[in-house]
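Got your viewer open? Load the model and let's walk through it, one selection at a time.

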Amino acid sequence: MDWILSLFSVHSSVQTVIVISLIVALGLGLGRLKVMGISLGIAFVFFVGILAGHVGLSVDDQTLDFIETFGLAMFVYCLGLHVGPNFFGSFLHEGKALNLWSLAVIAVGTLLALILIPITGVSLPNMVGLLCGATTNTPALGAATQALEHLGISNGSAALATAVTYPLGVVGVIFAMVLIRKFFVKPNDLEVKSSDDDNHTYIAQFNVINPAMDGKTIMQIVQMSHLHFIISRIWRDGEVIVPLADTVIRTNDSLLVVTTKTDDDAVALLFGQQEKKDWNREKIDWNAIDSNVESRVCVVTHRGLNGKRLGELHMRQLYGVNVSRVIRGDIKLLASHSLRLQYGDRVTIVGKREDVDSAEHFFGNSVKTLEEPNIGSIFLGIILGLAVGTIPIAIPGMSSSVRLGIAGGPILMGIIVGALGPRMHFISYTTRSASLMLRKLGLSLYLACLGLDAGTDFLETVVRPEGLTWIGIGFVLTIVPVLLIGLIALRTKKFDFGTICGILCGSMANPMALGYADDTIKGDTPSISYATVYPLGMFVRVIIAQMLIMFFV
């Protein structure tokens, strides 16, 4: 019997693995249980960790800190890597609006903290600690304590205030999202309302009746029109032609054109007449249209093509095929000459069978190769992210520098690698299942360690004379800004509920609440909006924590 007890009580590497694994397994299992139709998902790991710490389970402090840091770094880096390919497009379209809503949450929470100081009698340093805990932002606490040390003020109570309010800071965001969804969210609010459609292509058939097009090559037409379109097939006198750059267009030709929805009307004016046939419906058998031309989807697994522009490959001249569309994740992109290929892209090629076979070999099309995750590149990205997180950023007027920390650095590096990696010929592709597993693993480890650490002295801290008051204030600082801004954003009808949840989680620097949102909401909108607002939100909170100390103490 003693040997069983030693597995949980005697500090060792084996004991650490057993305790953390037990917390994760129980948390994930209990997180699936629904009470009144509500389940906490992966966030329940945090509460099981608190319970384990409260009943006396513990692991070596340095090992605990290592696992917590490693888990958080892996989660945020893989999250940034996942949303990176679409991040800048989303940022340019909706990023400004998303960050404004995030800053509104931060502003309301900060003003509320200042208002509560004279009402509750809590000192400013302690209120800053409560605000850092309520927003689960330890980098902000670090900045505040540095500012307090510079002023010669003890920072022990501020750190204690953060420790008391941190657990309910996690719960508060989740609780607010549950309340909003239970009482205010309508079914249509769960539908994605993003203005950036996942399908950036539109297929249409045009009959050439414009006499100005007669006798011109496809290259001449493209150069004179400046429209974005690709002609994948030409029907002429009952025969099908695979068009090349020097193919001459004739009057009465029927063209199958891949373009964008916005350019569709202009292309119709260019050629003259559009057929009413719907070429954009699902499950079209493209190979049944004619027997002489084949359409095939090939996966880019040839590493040398990563980051190459389609125009540099000269597919028409060298292989006699057209690349009409590129599918990246769930997004369909027009195969323009300037489009950079990424490892794992699925390209649609059209041509004669023997030409398509040659082009397929050129792209690689080895699905088995994609099943092997690039673990080395992931660890390299984490190293670079942690290095970026330690870079001191000097802010004029502040005595101490600001750092992005172990959360901000990796997520920023993940976004950069995911978005710009192909241009640097850096292989960052990870399958959806592998990416999801790494994110879940990292977040589970982080939550387990965070809960275990918080649960050790949680009850003793709560029963202190000021403990319950601090918890109440912290809970108000968490839930009021999230509820207020969340409801206002929902009423504007501009964003779906998933996007709003990502804004709220990112503005509160709360990856645990994001885990709950991802588990309970379909699609990637929570993760995308979270990654969009998180870097700026965390940076602003760090600056605000120092400013409150320096200007109001």
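Here is a short tour with four stops.

This is a predicted model, so local features need pLDDT of at least 70 and side-chain atom pairs count only at pLDDT 80 or more, while totals for chains, interfaces and linings use all residues. Residues are numbered from 1 along each chain as its sequence is written, and side-chain values use heavy atoms, with hydrogens and water left out.

**The nonpolar patch.** Select Leu22, Leu26, Leu30 and Leu33: together they make a nonpolar surface patch of about 340 Å². Patch members have over 30% relative accessible area and no salt bridge (a side-chain nitrogen of Lys or Arg within 4 Å of a carboxyl oxygen of Asp or Glu), and nonpolar side chains are joined within 5 Å. Areas come from the Shrake-Rupley method with a 1.4 Å probe. Leucine 22 lies in helix α2 (residues 13-30); helices are DSSP runs of H or I, at least four residues, and strands are runs of E, at least two, numbered from the N terminus. Leucine 22 is partly exposed because its relative accessibility is 36%, between buried (under 20%) and exposed (over 50%).

**Strand β6.** Now pick residues 294-299: five of the six are buried, so β6 is largely enclosed by the rest of the structure. Add β9 (residues 346-351), which runs antiparallel to β6 and is joined to it by six bridges; pairing takes at least two DSSP bridges. Serine 295 stands opposite valine 350.

**Helix α15.** Residues 405-420 reach 22 Å from first C-alpha to last. Its buried residues include Gly408, Pro410 and Met413.

**Cysteines.** Zero disulfides here (sulfur pairs within 2.5 Å). For cysteine 505, the nearest cysteine sulfur, that of cysteine 501, is 6.2 Å away.

Conventions. Buried < 20%, exposed > 50% of the residue type's maximum accessible area, 1.4 Å probe, protein only. Patch = residues over 30% accessible without salt bridge, like charges linked within 9 Å, V, L, I, M, F, W, Y side chains within 5 Å. Expected span 1.5 Å × (residues − 1).
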